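User: Hi! Could you walk me through this one before I set anything up with it?

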Amino acid sequence: MSTLARARCVYGAHPSTMDAALAAAVLICMVAGSFVDPHGPEGVNWDLRTPDVLSLALMTAGAAALAFRRRAPMAVLAVTGGVSVVESVTGDPRAPVVMAAVIALYTVAASTDRPTTWRVGLLTMTVLTGAAMLAGSLPWYAQENLAVFAWTGIGATAGDAVRSRRAFVQAIRDRAEKAERTREEEARRRVAEERLRIARDLHDVVAHHIALVNVQAGVASHVMDKRPDQAKEALAHVREASRSALDELRATVGLLRQSGDPEAPTEPAPGLARLDELVGTFQHAGLRVELARTDQGTELPAAVDLAAYRIIQEALTNVQKHAGRQAKAEVSVVRVGPDIEVTVLDDGLADGEAPDAPAEGGGHGLLGMRERVTAVRGTLTTGPRYGGGFRVHAILPVKSRTDAATEATGDPV
């Protein structure tokens, strides 16, 4: 650490001590200057002279006031300015008491705003310079009188410059701290969004496959004694559904691994290319599902493709859980202009069978659908159908915002 840096640290830690030391140094300088007489009989003469008792008292009072310059800068300026005026009127030759007023003016300028500095500085310069020019045996244009004007102006200017620099440095620090807080908040927001996305994926995977396992296990239990072949087939579907659930669960949880962890997930996220397979799993579970598609050849962004798949998966899972085992579902995926529309309909309860779960459950399936659709700038409409059943309708953009902006500007990505 440099000597200047050490001095700043000590000054910041003990300001009162440093002000007292400054006051002592100023007193020594004023007393030393009062022993020198630049106006001898033969012109400039640096012979020693002895200051009178009043001058020594005024110098002591002015220097002592500087010890409190940080606590009450205006009061200290008033005291040092007063003793300087008294010395200008009574001193012959004058002692450099005005040095204390210059330092007090610097302190006021460094600790207040610019308008206050202008008002106080002009007043101090006018009073001290006027007293020096009007009193004493020297002519008004003497060098000592002009020096009072110059040094008071320098003190006010230097203090204002120091204040401006401190404000500039503080503004830079505030901007840096704000930028750091903004980065931290953005990082926390991204972490929260990622956790929410993973939670939605976990909900979709677990709800879908566990519902299939539950249905197939119920079928196997029901036909175990009378039709063992059908029970074996149902148990095979249970095993396949559980294996798929574990695989997707492993892939989703793998997103939480650290970069150096082994066996990072490499399987791509599911999309509409696996829609037939998804519908087949529900059909094997006993749900009647009809699929209609007119989106062949449409390339979707990864986020839109995953959202469409998860919406259909969640909607069919809700049909199976809430509409009864004999309900019928219709799934349609249609390309309409710049959008792709996904619709899942069901006909409600079949043969008066009671649902396995209440239609107004406490799950987060519909909320998860809506969040997925909102994330890709789409719209979602859900609600009961006239005459019974439920309808889920999502409109998703075929192109992402980046692709749309690229086409509009004609610039390559």
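Analyst: Sure! One term before we start: a helix here is a DSSP run of H or I with at least four residues, and helices are numbered from the N terminus. Also keep in mind that this is a predicted model.

User: Got it. How many helices and strands are there in the protein chain?

Analyst: The protein chain has 12 helices and five strands.

User: And what share of the residues is buried?

Analyst: Of the 413 residues in the protein chain, 35% are buried. As for contacts between residues at least 6 apart in sequence, 67% of them join residues at least 24 apart.

User: Salt bridges next, since I care about charges. How many are there?

Analyst: The count comes to nine salt bridges. As background, side chains of opposite charge can pair when their charged atoms come close.

User: Let's look at helix 7. Which residue does D160 form a salt bridge with?

Analyst: D160 pairs with R163, and the closest N and O atoms are 2.8 Å apart. Both residues lie in helix 7 (residues 143-223), three residues apart, which is about one turn of the helix.

User: Why does a spacing of three or four places suit a pair in an α-helix?

Analyst: An α-helix has 3.6 residues a turn, so residues three or four places apart point the same way.

User: Nice. Is D160 buried or exposed?

Analyst: D160 is buried, because its relative accessible area is 15% and buried means under 20%. R163 is buried as well, with a relative accessible area of 18%.

User: What else is D160 in contact with, leaving aside neighbours within four places in sequence?

Analyst: With those neighbours set aside, D160 is in contact with A109, R114 and T117.

User: Which residue does R183 pair with in a salt bridge?

Analyst: That would be E180, with the closest N and O atoms 2.4 Å apart. R183 and E180 are both in helix 7, three residues apart, or about one turn of the helix. E180 counts as partly exposed, at 37% relative accessibility.

User: What about a pair that ties together parts 50 residues apart in sequence?

Analyst: Try D19 and R69, whose side chains meet in a salt bridge at 3.3 Å, N to O. D19 sits in helix 2 (residues 15-34), while R69 is in the loop between helix 3 (53-66) and helix 4, so the pair ties together parts that are 50 residues apart in sequence.

User: Are D19 and R69 buried or exposed?

Analyst: D19 is buried, with a relative accessible area of 2%. R69 also counts as buried, at 9% relative accessibility.

User: Which residues are linked with them in a network of salt bridges?

Analyst: R70 joins D19 and R69 in that network.

User: Switching to packing. At what angle do helix 4 and helix 5 pack?

Analyst: Helix 4 (residues 73-90) and helix 5 (residues 98-111) pack at about 155°, with their axes 8 Å apart. Angles over 145 degrees count as roughly antiparallel, and helix 4 and helix 5 are therefore roughly antiparallel to each other.

User: Is their crossing left-handed or right-handed?

Analyst: The crossing of helix 4 and helix 5 is left-handed. On the helix 4 side the contact is made by P73, M74, V76, L77, T80, G81 and S84. Helix 5 brings V98, A100, A101, A104, L105, T107, V108 and S111.

User: How does that contact break down by class?

Analyst: The contact of helix 4 with helix 5 has 10 nonpolar residues, five polar ones and no charged ones.

User: Now backbone oddities. Which residue has a positive phi although it is not a glycine?

Analyst: R377 does, with a phi of about 65°. R377 is found in the loop between helix 11 (365-375) and strand 4 (379-384). At 59% relative accessibility, R377 counts as exposed.

User: And where does G286 take its positive phi?

Analyst: G286 comes just after helix 9, with a phi of about 105°. Within helix 9 (residues 275-284), the buried residues include L275, L278, V279, G280 and F282.

User: Last one: how far apart in space are A199 and G368?

Analyst: Their C-alpha atoms are 9.1 Å apart, although A199 and G368 are 169 residues apart in sequence. A199 lies in helix 7 and is partly exposed, with a relative accessible area of 41%.

User: Perfect, thanks!

Methods
Residues are numbered from 1 along each chain as its sequence is written. This is a predicted model: local features need pLDDT of at least 70, side-chain atom pairs count only at pLDDT 80 or more; totals for chains, interfaces and linings use all residues. Side-chain values use heavy atoms; hydrogens and water are left out. Axes are lines fitted to C-alpha atoms, for helices over the stretch in contact, and angles run from 0 to 180 degrees between N-to-C directions. Helices (H or I, at least four residues) and strands (E, at least two) are DSSP runs, numbered from the N terminus. Angles under 35 degrees count as roughly parallel, over 145 as roughly antiparallel, 65 to 115 as roughly perpendicular and the rest as oblique. A crossing is left-handed if the near helix is turned anticlockwise from the far one by less than a right angle, and right-handed if clockwise. Contact means heavy atoms within 4.5 Å. Ala, Val, Leu, Ile, Met, Phe, Trp, Tyr, Cys and Pro count as nonpolar, Asp, Glu, Lys and Arg as charged, and the others, Gly among them, as polar. A salt bridge is a side-chain nitrogen of Lys or Arg within 4 Å of a carboxyl oxygen of Asp or Glu. Buried means under 20% relative accessible area, exposed over 50%, partly exposed in between (1.4 Å probe, protein chains only).
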